[in-house]
Amino acid sequence: HDGPDYDVARDFGRRIVERGWMVITGAGPGIMRAGHEGAGQESSFGVNIVLPFENAPNEFIADDPKLINFKYFFTRKLMFIKEADAFALFPGGFGTLDELFELLVLLQTGKSDLHPIVLLERPGGDFWPGIERMMRDTLGARGLIDDDDLGFYHVAADVEDAVDHIERFYRVYHSQRYVGDKLILRLTSMPDGATVAALNQEFADVLRGPIVPATASEAEVRDGDVPDLPRLSAPFDRMHYARLRQLVDRLNNSPRAATSAAERA
């Protein structure tokens, strides 16, 4: 229960809970235990996989009603992806890499809504830089992924960098939903006209028309799907999801986003 990566995972769990989030892990030992130790039992969820050779759930979540046991990996991963708003991965084996690449595939193909992914380890560690070099120099160099696809994740320098990346993703962007053939971006604040005009110009290659302000659709109102939030309607081509991630980043870095963050602080 010690080591530099364990310490970073524990500190990340504590820090993200201090910022108002909760932590969900696979409920096992090692890094998963560290996340729950940092978060505390009240702010922890666990999705345990039942295997004949694994340890029991760690003591921080073992007797908690927020622990769910799964027989199959695919249902367990579905719960991870469906219920989480952000993902933090630490050095690990096949299971860690399986979860990372499934996340990237789902984002790349639009089968999952956009979420921030942070890759975190001990300061100065070489695990994630090595994985990133493989993706860039082997996959990217052979044209197996686009350069833009490397923007789906962030190799964090430290815990504060990881937390900041996650929170920055939600400064203006809140969530998304398709209504007909239009992608609706639900926002915490409406950007000004100059920002919308700049988005239309910069991302014209993946738009089939202009981005315009919108109101909640009948379906969103009926479902209680945050109907009071401001919205932008974007006729996105539903192909270039890495570019969509860049569009969301531009929204979050707009002047209004900086003002909103200062107001909340």
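The exercises below work through a predicted model, one region at a time.

**Exercise 1. Locate arginine 245, decide whether arginine 245 is buried or exposed, and list its contacts from farther along the chain.**

Step 1. Find the element: arginine 245 sits in helix 9, which covers residues 241-252.

Step 2. Read the accessibility. The relative accessible area of arginine 245 is 4%. The cut-off for buried is under 20%, so arginine 245 is buried.

Step 3. Collect the contacts, omitting neighbours within four places in sequence. Arginine 245 then touches Leu114, His115, Pro116, Gly151, Phe152, His165 and Phe169.

**Exercise 2. Take Phe169 from that list and describe its ring pairing with tyrosine 170.**

Step 1. Start with the total: the structure contains 8 aromatic pairs.

Step 2. Look at the geometry of one of them. The rings of phenylalanine 169 and tyrosine 170 are 4.9 Å apart, centre to centre, with 85° between their planes. An angle over 60 degrees counts as edge-to-face, so this pair is edge-to-face.

Step 3. Check burial of both partners. Phenylalanine 169 has a relative accessible area of 1% and is buried. Tyrosine 170, at 18%, is also buried because the limit is under 20%.

Step 4. Extend the set: ring pairs join Trp21, Phe169, Tyr170 and Tyr173 into a cluster.

**Exercise 3. Describe the largest nonpolar core and state which element gives the largest share of this core.**

Step 1. Count the members: the largest nonpolar core holds 41 residues. Leu89, Leu100, Leu114, Ile117, Ile211 and Leu251 have the most contacts inside this core.

Step 2. Assign the core to elements. At least two residues each come from strand 4, helix 4, strand 5 (117-119), helix 5 (127-140), strand 8, helix 7, strand 10 (231-234) and helix 9.

Step 3. Pick out the main contributor: helix 9 gives the largest share, 6 residues.

Step 4. Examine one well-connected member. Not counting residues up to four places away in sequence, isoleucine 211 touches Val196, Leu199, Asn200, Leu232, Ser233, Ala234, Pro235 and Leu247.

Step 5. Note what lies apart from the largest core: another core of 18 residues, including Val8, Ala9, Ile16 and Ile166.

**Exercise 4. Characterise the largest pocket by volume, lining and residue class.**

Step 1. Give the volume, about 1,400 Å³.

Step 2. Identify the lining. It comprises 50 residues, and those closest to the pocket centre are Ile24, Thr25, Gly26, Phe80 and Glu99.

Step 3. Sort the lining by class: 29 residues are nonpolar, 12 are polar and 9 are charged.

Step 4. Trace the lining to elements. Those that supply at least two residues each include helix 1 (4-18), strand 1 (23-25), helix 2 (31-39) and strand 2 (44-49). Helix 3 (73-83), strand 4 (87-89) and helix 4 (94-109) do likewise.

**Exercise 5. Compare the backbone and setting of alanine 27 and valine 226.**

Step 1. Recall the background: most residues other than glycine have a negative phi.

Step 2. Read the angles. Phi is near 75° in alanine 27 and near 40° in valine 226; each is a positive value in a residue other than glycine.

Step 3. Place both residues. Alanine 27 is in the loop between strand 1 and helix 2, and valine 226 is in the loop between helix 8 (218-223) and strand 10.

Step 4. Add accessibility: alanine 27, at 0%, is buried, whereas valine 226, at 28%, is partly exposed.

**Exercise 6. For glutamate 37, methionine 190 and asparagine 253, relate distance in sequence to distance in space.**

Step 1. Begin with glutamate 37 in helix 2. Its C-alpha atom is 8.9 Å from that of aspartate 11, and 26 residues separate the two along the chain. Glutamate 37 is partly exposed at 30% relative accessibility. Beyond its neighbours within four places in sequence, glutamate 37 contacts Tyr6, Arg10 and Phe60.

Step 2. Turn to methionine 190, in the loop between strand 8 (182-187) and helix 7 (193-202). Methionine 190 is partly exposed, at 31%. Proline 230 is 40 residues away in sequence and 5.9 Å away, C-alpha to C-alpha.

Step 3. Finish with asparagine 253, in the loop between helix 9 and helix 10 (255-264). Asparagine 253 and valine 172 are 81 residues apart along the chain, with their C-alpha atoms 8.4 Å apart. With neighbours within four places in sequence left aside, asparagine 253 contacts Arg168 and Arg171.

Terms used: Residues numbered from 1 in each chain as written. Predicted model: local features only at pLDDT ≥ 70, side-chain atom pairs only at ≥ 80, totals over all residues. Heavy atoms only, no water. Helix = DSSP H or I, 4+ residues; strand = E, 2+ residues; numbered from the N terminus. Buried < 20%, exposed > 50% of the residue type's maximum accessible area, 1.4 Å probe, protein only. Contact = heavy atoms within 4.5 Å. 1 Å grid on protein atoms, 1.4 Å probe; cavity = no way out; pocket = protein on both sides within 12 Å on 5 of 7 lines; lining within 4 Å. Points joined across faces, edges and corners; volume = space filled by probe spheres on them. Nonpolar A, V, L, I, M, F, W, Y, C, P; charged D, E, K, R; others polar. Core = buried A, V, L, I, M, F, W, Y, C linked by side-chain atoms within 4.5 Å. Phe/Tyr/Trp six-rings, centres within 6.5 Å; stacked < 30°, edge-to-face > 60°.
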